[in-house]
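Welcome! Open your viewer, switch to a cartoon view and get ready to make a few selections as we go.

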Amino acid sequence: MGVPRTTFAGAGGRHPGWPAVLGGLRVPAGEVGLRPIRLRDATVWSRLRLRDVHHLQPWEPTAPGTWTDRHAMLSWPAQCTSLRSMARRGHALPFAITLNGAFCGQFTVGNVVRGALLSAWVGYWVAFDAIGGGVATAATALGVDHCFGPVGLHRVEATVRPENLASRRVLAKLGFREEGLHERYLEVGGSWRDHLVYALTEEDAPDGLVTRLIRAGRAAPA
């Protein structure tokens, strides 16, 4: 059984497995991959975030300023630079999700902790016209396999609002277990919202999540 390729994009990262290009994995929507975010993603990032405000805003943390201001093209360089700085320090892995080679969202591994914990959280967003075709599921599988492989982590977590059924289905398909509820965990839309906690450890996926998707007929190597 074939598996997607992993290409390390260059040396000099402060933690294993970064930077890297992951993929591709073919799902009904097309070929999905992950690559490091780039400054030149500004135009498409802004266009998708502004276009899909009603799809994205209900699930995202409250932040200063308006959605339009925060997602103007000129806002991207500072965000991209900050994320890439965190990656160089070994605290995060900020990926762009690509569909047939085009930017269509982000997959981020954050709060990377080493030592005895070896854990991180994962989060993602996908453009509205790319949902429903397996893109988020494939991107998460690629990213988590990378965490358990070259990055050397033992546990990954994801938090999701109980009302976000689409994200809960993504995590369930990949075998994440629901571990509990964080009450009033995160401010979203001006109110403190409960979030469910999902987690996966390396022992839960000995053959990898990508292989799990392929065996289930949900994906194929590109």
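Strands here are DSSP runs of E of at least two residues, numbered from the N terminus. With that in mind, select G24, which lies in strand β2. Keep in view that you are looking at a predicted model.

**Stop 1: two cis peptide bonds**

Stay on G24 and add G23 to your selection. The peptide bond from G23 to G24 is cis, with an omega near -5°. Now go to W18 and P19, where the peptide bond joining W18 to P19 is also cis, with omega near -5°. Where does P19 sit? Look at the loop between β1 (5-8) and β2 (20-27), and you will find P19 there.

**Stop 2: a covered strand**

Next, select residues 93-99, which make up strand β4. How many of its residues are buried? The count is seven of seven. To see how this works, show the side chains. In a regular strand, the side chains alternate between the two faces of the sheet. Colour L93, F95, I97 and L99 in one shade for one side of β4, and P94, A96 and T98 in another shade for the other side. Both faces are covered, since every residue on these two lists is buried.

**Stop 3: the neighbours of β4**

Add residues 30-36, which form strand β3. β3 and β4 pair in the antiparallel sense over five bridges. For one place to zoom in, pick P36, which stands opposite F95 in β4.

Then add residues 102-113 to show strand β5. This strand also pairs with β4 in the antiparallel sense, here over seven bridges. Click on A96 and look across to β5: which residue is its bridge partner? It is Q106.

**Stop 4: the turn of the hairpin**

Follow β4 into β5 and you trace a hairpin with two residues between the strands. Select N100, found in the loop between β4 and β5. Its phi is near 55°, a positive value in a residue other than glycine. Is N100 buried or exposed? N100 is exposed because its relative accessible area is 52%, and the cut-off for exposed is over 50%.

**Stop 5: another positive phi**

Finally, select L118, in the loop between β5 and β6 (119-126). L118 is not a glycine, yet it has a positive phi of about 50°. With a relative accessible area of 26%, L118 is partly exposed, so it falls between the cut-offs of under 20% for buried and over 50% for exposed.

Key:
Residues are numbered from 1 along each chain as its sequence is written. This is a predicted model: local features need pLDDT of at least 70, side-chain atom pairs count only at pLDDT 80 or more; totals for chains, interfaces and linings use all residues. Side-chain values use heavy atoms; hydrogens and water are left out. Buried means under 20% relative accessible area, exposed over 50%, partly exposed in between (1.4 Å probe, protein chains only). Helices (H or I, at least four residues) and strands (E, at least two) are DSSP runs, numbered from the N terminus. Two strands pair if DSSP finds at least two bridges between them.
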